[in-house]
Amino acid sequence: MKNWKMTWAFLAVALFMLGACSTQAEDIEIASNDVDISSAAYDTPSPAATADSSEDPAYSYREMNDAGFNIPAVDVAKMNPDHIRREVDFETTEPPGTIVVDQRARFLYYVRPGGKAIRYAVGVGPMSRSFHGTATIALKRKWPRWVPTANMIRRSPEHYGRFRDGVDGGPGNPLGARALYIYKDGQDTYYRVHGTNAPSSIGKAVSAGCIRLLAQDIIDLYDRVSTGSRIVVQ
């Protein structure tokens, strides 16, 4: 049990420092339980997710048990008030259901009718290494698996060699509780909108290009977004 805990602790720290997302195909491998976009089932948001986001912040960031995994509460008293999920005024020509990411401000907006949006604080990679433009959320995964590529193992065997067979979904997985997979013209961009196990990374340029949210926020967003939804990264 002690060795298992040490392994997961090492994984969480090492992958946080090195980044689980990448700007190149050879640096990331899609989880083995993912499917080709042509066979992905298109779904609709859960009815609960369509309600107005007017919850008490302490409730929004409460401790959660999800699929048997414990998600710690976030102390909202210590959060930057601008990082708390809320509905805001948001003028855009994008239709409701679109995700808009403002990388400079480090906010993600889920567009709603009537000039409104749900705003989430995010951590992003340096803009020079990140995806820009319009694409599609082609796949959604709960507690996704993560597998390092042969190139990652070759480049840093001391970090990745022990994980060559992949890491199952769970609190120690660098993709966190949920992942939304960004495709452009039917091709994987190798960028993700995903959860993070490092709350302090929110609002910072910390990843290798992907867009990360607090666990409670990615779960909320996941429940709102349909596969096939439009995403605009600015």
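I started with strand 10 (187-195) and strand 11 (211-213): three bridges join them, and they run parallel. Strands here are DSSP E runs of at least two residues and helices are H or I runs of at least four, both numbered from the N terminus; two strands count as paired if DSSP finds at least two bridges between them. In this pair I found Val193 opposite Ile211 of strand 11.

Before going on, I noted that this is a predicted model, with local features needing pLDDT of at least 70, side-chain atom pairs counted only at pLDDT 80 or more, and totals for chains, interfaces and linings using all residues. Residues are numbered from 1 along each chain as its sequence is written, and side-chain values use heavy atoms, with hydrogens and water left out.

Next I looked at the other partner, strand 9 (178-184). It runs antiparallel to strand 10, with six bridges joining the two, and Tyr181 faces Arg192 across them. Two residues lie between the strands of this hairpin, and there Asp185 takes a positive phi near 55°. I also checked cover: seven of the nine residues of strand 10 are buried, meaning under 20% relative accessible area (exposed is over 50%, partly exposed in between; 1.4 Å probe, protein chains only).

Then I stepped back to the whole sheet. It is open, has 10 strands with mixed pairing, and reads 3-6-5-4-12-8-9-10-11-7. Strand 3 (86-89) and strand 7 (123-124) each have a single partner strand, so one side of each has no neighbour in the sheet. Further along, I saw strand 4 (residues 99-102) pair antiparallel with strand 5 (residues 107-112) over four bridges, where Val100 stands opposite Tyr109.

What lies across these strands? I found helix 5 (residues 215-224) there, crossing strands 4, 5, 6, 8, 9, 10 and 11 at about 55° to strand 9; the angle is between N-to-C directions, on a scale from 0 to 180 degrees, with axes fitted to C-alpha atoms, for helices over the stretch in contact. Contact means heavy atoms within 4.5 Å.

My last look was at the nonpolar cores (buried Ala, Val, Leu, Ile, Met, Phe, Trp, Tyr and Cys joined through side-chain atoms within 4.5 Å). The largest has 30 residues, and Val193, Ile211 and Leu213 are among those touching the most other members. Helix 5 gives this core its largest share, five residues. Another core of 14 residues lies apart from it, including Tyr61 and Phe90.
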